[in-house]
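Dear colleague,

Here is the structure I said I would pass on. My notes on it come after the model.

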Amino acid sequence: MARGGRDQTPTDWVTRTADLALHHAETVNGGTLPDLVTCASGISPSGPIHLGNLREFLTVHFVAEEIRRRGINVRHLHSWDDYDRFRKVPAGVDPVWNEHIGRPLTAVPDPTGEFANWAERYKAPLRAALAEMGCDMVEVDQTAMYQSGTYREQVLTAVRRRDVIESVLGRYRTKKPAAIEVPEGAEGEEPTAEEESDGTGDLARFPYKPYCRGCGRDTVTLTSYDDETTDLAYTCDTCGGSFVTNLATQDEGKLVWKVDWPMRWTFEGVHFEPGGVDHASPGSSYTVGKDLVGPVFGGHAPSFVGYSFVGVAGMPKMSSSKGGVPTAAEALRILEAPILRWLYVRRQPKQAFNVDFGQEVLRLYDEWDALTRKAANPAKRDAAVLAWERASATASAGTLPTPAVTVPFRLLSSVADVTAGSLDLISATVGKVGHEHASVEELEPRLSKAATWMTSYVDPEDRTTVRAVADAERLGSLSEQEAEWLRLLLDRLPASFEDGDELTTLIYGVPKLGRGLAVEDAPTDEVKADQKAFFTLLYALLVDAERGPRLPTLFAALGAEKVRELLTLPA
């Protein structure tokens, strides 16, 4: 079974999932790989597509990339479930939008008027974020597919075999689905239409549901169906109208979800598709679809992997129908694209995790930089480096943007803290403390992300505030030793801070001078204690805090004139 040349080690969950997907593709294709392997994702653009939803896209993306790397023709096919019903009005949207509940997402207007409809409003930022992350996919809009009649024969097939569908659904209906705990940052599988009664008798759980011809909503009660003519009659519970739609000639509705999904597996020839762990519990979408796809549509269920939820530390549960949830676009304001990708590829899909927009960002960048240094050594290539490689480049986009000159994120952000986020000032300051570069552009995209994080995401209470004027009261009450330290510092302070090493030596050396030592001498225990007290004094006088950015960095950011001003008692 030839699958192209590839290293057997190291391996990771992507390798193993791709192996399973390809084995499945061969099995359902009679023992040989098909001409095109299809890895599918799908999502309903009902609201902001948050970081939990992003796992749907990236799980498929990484598996498709691995298959492509093996020289196999593969596509990432993404379905926008934009023909789904509008379920509820999120916070922050005019309550008048309640009148659109029950209509397809593509029939609901965008509240801002910027986009063609509700669905497009939420597709657009996700598309841009995926492009920034190097994700390439073939998109399918389900509104267009249904309304164009593309699925007409599949709809008729499902209706003809509705007794088979009902027997499968009935088996699961007698079983209580296992309780799936949905942790912070995710939303579970929504109740679907086939679990509700939309008619009586044979029509109680009909596999197809029309949108009302009168008002466009799906709040209908089916009253009759004629197998010969395919006429489906219904009344609308909202507008009160009575209508008849012909399934063989008109396209005014859609299959219910648990029938729609296996229909598309067959129609699109899907070989791999993941889903939230809740989709694979007894009686849920994948387990039901797996039992329906062969008897009803003559197809095969794809290879499946269930993924756990992604949350945001310290924030309420993410639900895309609510406003104000962190999205991929939001995360990319502070995380380089490879780092955001790395958060997802370094963990197995079954592992839940949180994305932390707070101080954890500093540690995340530190870890990434350390891994980047490790990846530069071929002898150290292991599963962690493999994850770095997958995060850093894609087949379509190549190597994703990273800074030409790598400056630690915590240094950039600490400088941003005392320079009000000025990119030019940040650039000039880090150049003075040992990170030489020719232009601001060589620090991008990290420079802008560090400035954005510090100015927009860090709690104001955790920010560093430079004193506007000198603290005359504190300067007027200095001890004899403190006054001597400041005199020694100011007497030797250069007119400008161009040499970071010289500045560091001076700041650490003042307490040595106070003890009669030279600045280059090793510190004694007494000097170490003096250094701690001296640094505390400097922070108090410069930023009215017990701690802050490293003092050489703080001095370089403030400049010699401002430092002298704040450390000198006003006349």
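The notes below cover two cavities, two sheets, one helix and one loop residue. Please keep in mind that this is a predicted model.

Cavities

The search of the whole structure gave 3 cavities of 30 Å³ or more. The largest holds about 60 Å³ of space. Its lining is made up of Tyr 146, Tyr 151, Arg 152, Val 155, Tyr 208, Leu 247, Gln 250, Asp 251 and Gly 253. Sorted by class, that lining has 5 nonpolar, 2 polar and 2 charged residues.

The second largest cavity holds about 40 Å³. Around this second space are Trp 13, Arg 55, Leu 58, Thr 59, Phe 62, Tyr 344, Arg 347, Gln 348 and Pro 349. Helix H2, residues 51–69, gives the most to this lining, with 4 residues. The class count for the second largest cavity is 5 nonpolar, 2 polar and 2 charged residues.

Sheets

One open sheet has 3 strands in the order S1-S2-S3, and the pairing is parallel. Its edge strands are S1 (37–43) and S3 (138–141), each of which pairs on one side only. From one strand to the next, the twist averages 25 degrees. S1 and S2 (residues 74–80) run parallel and are joined by 7 bridges. To find the register between them, look for Ser 41, which stands opposite His 78 in S2.

Another open sheet of 3 strands has the order S5-S6-S7, this time with antiparallel pairing. S5 (220–226) and S7 (242–246) stand at the edges with a single partner strand each, so one side of each has no neighbour in the sheet. The twist in the S5-S6-S7 sheet averages 25 degrees from one strand to the next. Between S5 and S6 (residues 231–236), which run antiparallel, there are 6 bridges. Here Leu 222 stands opposite Tyr 234 in S6.

Helix H14

Which residues of helix H14 (residues 423–432) are buried? They are Ile 426, Ser 427, Thr 429 and Val 430. An α-helix has 3.6 residues a turn, so residues three or four places apart point the same way. The cover over the buried residues of H14 includes helix H13 (409–418), helix H15 (446–456) and helix H20 (551–558). After H14 comes Gly 434, which has a positive phi, near 105 degrees.

Ala 301

Ala 301 sits in the loop between helix H8 (285–297) and strand S10 (306–307). Is Ala 301 buried or exposed? Its relative accessible area is 12%, and because the cut-off for buried is under 20%, Ala 301 counts as buried. What is Ala 301 in contact with, leaving aside its neighbours within four places in sequence? The contacts are His 24, Trp 265, Tyr 286, Lys 290 and Val 293. Gly 289 is 12 residues from Ala 301 along the chain, and the C-alpha atoms of the two are separated by 7.3 Å.

If you open the model, the two cavity linings and the loop at Ala 301 are where I would ask you to begin.

Regards

Note on methods
Residues numbered from 1 in each chain as written. Predicted model: local features only at pLDDT ≥ 70, side-chain atom pairs only at ≥ 80, totals over all residues. Heavy atoms only, no water. 1 Å grid on protein atoms, 1.4 Å probe; cavity = no way out; pocket = protein on both sides within 12 Å on 5 of 7 lines; lining within 4 Å. Points joined across faces, edges and corners; volume = space filled by probe spheres on them. Nonpolar A, V, L, I, M, F, W, Y, C, P; charged D, E, K, R; others polar. Helix = DSSP H or I, 4+ residues; strand = E, 2+ residues; numbered from the N terminus. Buried < 20%, exposed > 50% of the residue type's maximum accessible area, 1.4 Å probe, protein only. Contact = heavy atoms within 4.5 Å. Pairing = 2+ DSSP bridges. Axes fitted to C-alpha atoms, helices over the stretch in contact; angles between N-to-C directions.
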